[in-house]
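Please open the structure in a viewer and keep the sequence beside it. The tour below proceeds by selection, and each stop states what is to be found there.

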Amino acid sequence: MAKIERIEIQMVDLAPKVRRTDAIQSFESQETPIVKIIDSDGAVGIGYSYTIGQGGPAIMSLLHKTLLPKLIGRDPSNIEEIWRDMLFATHATSVGAITSLSLAAIDTALWDLRCKKAGLPLYKMAGGAKDRIQLYSTEGGWLHLTPEQLAEDALERQSDGFKGSKIKIGHKLSIDDRARLSAVRNAVGDHFEIMTDANQSFTLSEARRRARLLEEFNVAWFEEPLHADDVGAHENLAASTSVPIAVGESMYSLSQFNEYLRRDAASIVQVDVARIGGITPWLKVAHMAEAYNVAVCPHFLMELHVSLCCAVPNSNWLEYIPQLDQLTHSNMKIDDGQGVPSNEPGLGIDWDMDAINARSVNGLEAIIT
């Protein structure tokens, strides 16, 4: 039986392809830790994680000094056991972003290795529920863009077969958010979904007030209206509006999702494979949401989420924000506004190792044997 024999890590820092702003922050860069696991058969699994500009070196340090040395000599097919052991090895720093993002880089590499050795693509290995997923675009909906720019981008996406666009909201005056939504709705008509995202910027009272505005435009969902830790406020808001409430990108554990689902505090789950700690817990959240008859519409990382969305039956949408183009030989396949997962064994990401090596951040590379 093959054992983990060697692990290589490096980090690439990718500049955003466009300016990305929301109500509380700007996307500075995508720090991308990359983990390559080689077993004693010579098989290779590659995984990754990300930040939006802060914390990358901390992730790399946790991987290098604490987590990865514990993997040498282990059976890489025991993914569930490894994930649990790594979680408890970092028990004092869990639940938290740095730990979860570190676990995700390991877990995705192990799944890549498992799929390759089985000769199966991830979407089939993890469930095989469908072979494509509808796309919506966020890339043309950032907060700094004018109503005219938002409408122009939505029309372009509509012509490409997309069925929805996300518009960032959270301007100080609700009339400014109204102008943004009105411009898009007037441009695309009623047979096109508009998603909205406040990025945790509102108080409960203001979120209630904005929800009335969103009802006017029949939006698909109201994303992160409040601080992600405030389950009670989300429960209150969800009970007071017909607009579906979406949460998940800022949540890092199964128990957080369970609490939201149990209390009917959200009706769209946006679990992020990196922030939840990898494919192993992502699938658990998705199946838990299915038990509550709640849809999964994951946050970011479309190149990996396309396969996970196609693995489970309760996924409705895949968020279009391309970011790995500079590190891959080919892009995610899109057919008439739908994401199509790769049928190649593994995660389905066609890494360009020469490009990765050329962009690797000096001083953060390491080899563990």
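Begin by selecting Asp39, which is buried, with a relative accessible area of 0%. The model on display is a predicted one, and every stop should be read in that light.

**Asp39 and its partner**

Which residue forms a salt bridge with Asp39? Add Lys117 to the selection: the closest N and O atoms of Lys117 and Asp39 are 2.6 Å apart. Lys117 belongs to helix α3 and Asp39 to strand β2, so that this pair links distant parts of the chain, 78 residues apart. In contrast to the buried Asp39, Lys117 is partly exposed, at 45% relative accessible area.

Keep Lys117 selected and add Asp41. The side chains of Lys117 and Asp41 also meet in a salt bridge, at 2.9 Å from N to O. Asp41 sits in the loop between β2 and β3 while Lys117 is in helix α3, so this pair ties together parts that are 76 residues apart in sequence. With a relative accessibility of 56%, Asp41 counts as exposed.

**The open sheet**

Next, display the strands β3, β2, β1 and β14. In that order the four form an open sheet with antiparallel pairing. Why does one side of β3 and of β14 lack a neighbour in the sheet? Residues 44-48 (β3) and 366-368 (β14) stand at the edges, and each of these strands has a single partner, so one side of each is left without a neighbour. From one strand to the next, the twist averages 20°.

Now restrict the view to β1 (residues 4-14) and β14, which run antiparallel and are joined by three bridges. Within β1 and β14, select Glu8, which stands opposite Ile367 in β14.

Bring helix α3 back into view. This helix lies across β1, β2 (30-39) and β3, and runs at about 145° to β3.

**The nonpolar cores**

Select Phe222 and Trp282. These are the residues with the most contacts inside the largest nonpolar core, which has 100 residues. Helix α3 (residues 97-118) gives the most to this core, contributing ten residues. A second core, separate from it, has eleven residues, including Tyr123, Met302, Val306 and Leu318.

**Helix α8 and its surroundings**

Move to helix α8 and select Val231, Ala233, His234 and Leu237, the buried residues of this helix. They cover an arc of only 160° around the axis, which puts them on the same side of α8. Which elements do the buried residues of α8 pack against? Display α7 (204-216), β7 (221-223), β8 (245-247) and α9, since these are the elements they pack against.

Finally, select Glu235 together with Arg263. Arg263 forms a salt bridge with Glu235, and their closest N and O atoms are 2.9 Å apart. Glu235 lies in helix α8 (residues 231-240) and Arg263 in the loop between α9 (254-262) and β9 (268-269), so the pair ties together parts that are 28 residues apart in sequence. Arg263 is partly exposed, with a relative accessible area of 27%, and Glu235 is likewise partly exposed, at 29%.

As a last selection, take Lys166, Lys168, Asp197, Glu223 and Glu319, which are joined into one network by salt bridges that share partners. In total, the structure holds 25 salt bridges.

Notes:
Residues numbered from 1 in each chain as written. Predicted model: local features only at pLDDT ≥ 70, side-chain atom pairs only at ≥ 80, totals over all residues. Heavy atoms only, no water. Core = buried A, V, L, I, M, F, W, Y, C linked by side-chain atoms within 4.5 Å. Buried < 20%, exposed > 50% of the residue type's maximum accessible area, 1.4 Å probe, protein only. Helix = DSSP H or I, 4+ residues; strand = E, 2+ residues; numbered from the N terminus. Pairing = 2+ DSSP bridges. Axes fitted to C-alpha atoms, helices over the stretch in contact; angles between N-to-C directions. Contact = heavy atoms within 4.5 Å. Salt bridge = Lys/Arg side-chain N within 4 Å of Asp/Glu carboxyl O. Arc of directions from axis to C-beta.
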